[in-house]
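Open the structure in your viewer and keep the sequence panel visible. The tour starts with the whole chain and then moves to one pocket.

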Amino acid sequence: MRRGVLLMLLAILPLLLGARLAQMDRRLSVEDPIARRTLVGFYDVERNPTDVFRWSRPEAALFLFGFDGRPVQVMMRLAAPRGGADPPTILISMRGRPVGAFSVAPGWRRYYLITPTDPAGDTPLALRTAAYRPPGDGRDLGVALSDVATSPIDGSAWLPPPVRTIFLASFPLLGWLSLIWRQPRRTPAGMRLRWGIVAFLALLGGVAAAFPIESGYLLPTVGWPWWPLLPLALVVAWRPAQPLRKRAAARLREAGQMVVWGGAILALTMVAALRLGLSPAIGMTALVAATVLTVAALRLNAECTADDAGLTRYHEAAALAVITAVALALRIYRLDDLPSGMWRDEARHGLLALRIWNDPAYRPVYVVAGADLPALLFYLMAPVLAITGPGVGAARLVSALAGALMPLALWWAARPILGVRASLYGAALLAWASWGLSMSRWAFPATLDHLLELTAIGVMWRALGQPVRWRAAVCMALAGALAALAAYAYHTGRLAPLVFAALTAVRLGRDSGAWRRALPALGAAAIAGIIVLLPLLTFIASDFEGYNRRTGAVAISNAQNLEKRTMALVLDNIARYLGMWHVAGDPNGRHHAPGAPMLDPLAGTCFAIGVGLAIANWRSKTSAPLLWLALALIPGIFSTNAPHAMRSLGALAPSCMLAGMALDASIRSTRCAGAQQRSIASAVVVATFIVSLAFNVWLYFGEMPRNPAVYNEFDQTETAAGRVARTAATANDPRLRAVQIFLDRRLIERDTVRFLTSDLSVGVFDGIRLSEAVTGDALLILPPDASDSERAAALSALGPAARELPPPLLPDGKTQLFLAYGVGDGAQWLLEGTFTMRSAPDGARMRTD
């Protein structure tokens, strides 16, 4: 009882003191560094001779932090010059509830209003005005704001508002209860540690109460009432529920292997139901329950698991060869026209690669203008494009080969951690995952850093097991260099050294002797990594803003969300990423099938069970993929547009590891079963791989090419025009090579056309005349939205023999890729030779009318 009273006092007293010290009145100028926290939907700071201000967009928001249910007086200094037009009306609301509406004068005035605030979470005041576009300014403007002042109506209080008080007081209480749960024995040292932790958490609560506005932004009251009531209930109920848990375990042990397969089938059913539209709350809850049931049954039958005996090196090598061949075939097949069009960034990367090859003075480390990427991919693309010439498939070849090597790298990294079978299973699932196919079949470096990271982890894990110290140091130096080299591939590669360090710590564990023996090898890895990173570090020192321009633009702290701010957005992103495997994936058709879960149903089921196994065995090395997975999600969680398949691509390999581990554990658990069940288990593995492969091949090669949300994300018109020009230049038929190609001036300026025609001589149509005289067969291409006058001018420019030609169509069979006008039969043959060989409906096809 005394400890309980002391605990309550320790939780409440800092809140009392903090609330009495709190300063709730706040005045904020738009040029203050923290103004971006509060103002969303505002343009950059502007100045005139008398004022500093920001223009709002027609829809903007003002966030109020730290008031937690208390009514607030808000003062805004506004102006809305409209060039003689009537003053605009600003409508202010809070989560759809009207707060006020008034006209804003052209000159500066102070406007006051009283608004309620949310007791939990952020409080956004939505500001809506009619759009205004001044002469010579392309922006849509709302009102101009110079400063804001806020103050509570009821002044200071003895405690924060009730919901906030419960929220802050829950941290020391939960800390105490969880420590009692983990270590029920009461040793003096343990009690001092517990009270120290509780006092620290209570002090943090007091600081949060003393600085309510700052803590309201950094630590809002989110998740209410589930947090903290649900964890409190779980911790309190844990010990009384132990007898029930033991009885359930006894029954599971009696049921044996059937529970494993029953739980797996239930999990698969829930994964399929989620794809078919089952409520995520119901489906994910049932999936977690099925996973817990399966994992519990597997752990209770742990004595029946078998090792990797019986799988020879020959079988392992043969399996790896087949897996790699499948991965390579799936990434090379129709690489030139699936996806059916280039994206402008692919073309820019190709142009940069050609510049590196052709200009000895151009040797970038990081390209800010035109790419916002490290330059490793461009150096790898340069010799390929120099040999083959600019082309869609040639530009994508390096990324495709990197993706094809990813399963081999996964096996290399996972084998010493999970064993032979689990690593092979994971490599197979990665080989044909539609997520991996989407990311490796275009000219983007997203796959490169993860290939290097996987290789580095595999080298590290083996190096730290080397008995010869110089060999361990050499191998660790190689591993450190590979991890550092990943930073030259893509933005997510910046995380590779952190992943490398975290998994190195997992490898060494808590053995102080192992750490001492590994010190030379760790030093070698650090030195090699720093040496590799020196050029990049030098660039960062010279252009820190340029290096972080892209990551800063997509950072969650700069998100223009009118409903939530940073911490609430982070939690929302976490929820989205937790659901991306089974509920809804990336909506961007360039990255994956829009909205489709990132794993197929079978791989997703195995992944869920693998996560459960990793959590249950968190003290063992098999939990390493789960830690890896959590680190790989950091770039996506702290950026916008979640879930984002590219920023979270690092999660694919550990996800497949976990899926392989689950499938392997399920098969191992049949050791004590009869021969018939073991045969059935082997058949289940084979069937899982066949169905998973078929599903992913159907999704990527069958479903995605027909989806307008996919092919419309690429530059279809520009790619098609570039293909025609390249076909004319490279055709074996001299009649096709003789056709003069003319492209509309708007097309010739696009990056995709510039890349595909960079080594060609192509004529230009400026809307009136051609850049050169027509001397024979000729083909003129216009954008599909060309006006009637432009169409007539095209026919006139080509001469009296010109005629309109049947254009190629998008996969929908209706939409024209471009408008084509030709002279002579060669122009028609050229179009047919370019597009009819591309099988419909995946690529463009010719209109036959």
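Two residues are in contact when they have heavy atoms within 4.5 Å. This is a predicted model. With the protein chain selected, take the contacts between residues at least 6 apart in sequence: 76% of them join residues at least 24 apart.

Next, show the chain as a cartoon. The protein chain has 34 helices and 19 strands. Its radius of gyration is 31 Å, close to the 29 Å that the globule rule gives for 849 residues, so the chain is as compact as a globular protein of that length. Turn the view along the principal axes: the C-alpha trace spans about 100 × 85 × 55 Å.

Now switch on the surface. The accessible surface of the protein chain comes to about 37300 Å², and carbon and sulfur atoms account for 63% of that area. Of the 849 residues, 54% count as buried.

Then go to the second largest pocket, which holds about 720 Å³ of space. Select Tyr490, His491, Arg550, Val554 and Arg647: of the 32 residues that line this pocket, these are the closest to its centre.

Which helices each supply at least two residues of the lining of the second largest pocket? Select 344-358 for helix H11, 549-554 for helix H21 and 634-637 for helix H25; each of the three does so.

Last, colour the lining of the second largest pocket by residue class. The lining has 14 nonpolar, 10 polar and 8 charged residues.

Definitions and conventions:
Residues numbered from 1 in each chain as written. Predicted model: local features only at pLDDT ≥ 70, side-chain atom pairs only at ≥ 80, totals over all residues. Heavy atoms only, no water. 1 Å grid on protein atoms, 1.4 Å probe; cavity = no way out; pocket = protein on both sides within 12 Å on 5 of 7 lines; lining within 4 Å. Points joined across faces, edges and corners; volume = space filled by probe spheres on them. Helix = DSSP H or I, 4+ residues; strand = E, 2+ residues; numbered from the N terminus. Nonpolar A, V, L, I, M, F, W, Y, C, P; charged D, E, K, R; others polar. Rg over C-alpha atoms; globule rule 2.2 N^0.38 Å. Buried < 20%, exposed > 50% of the residue type's maximum accessible area, 1.4 Å probe, protein only. Areas by Shrake-Rupley, 256 points an atom, 1.4 Å probe, with all protein chains shown as cover.
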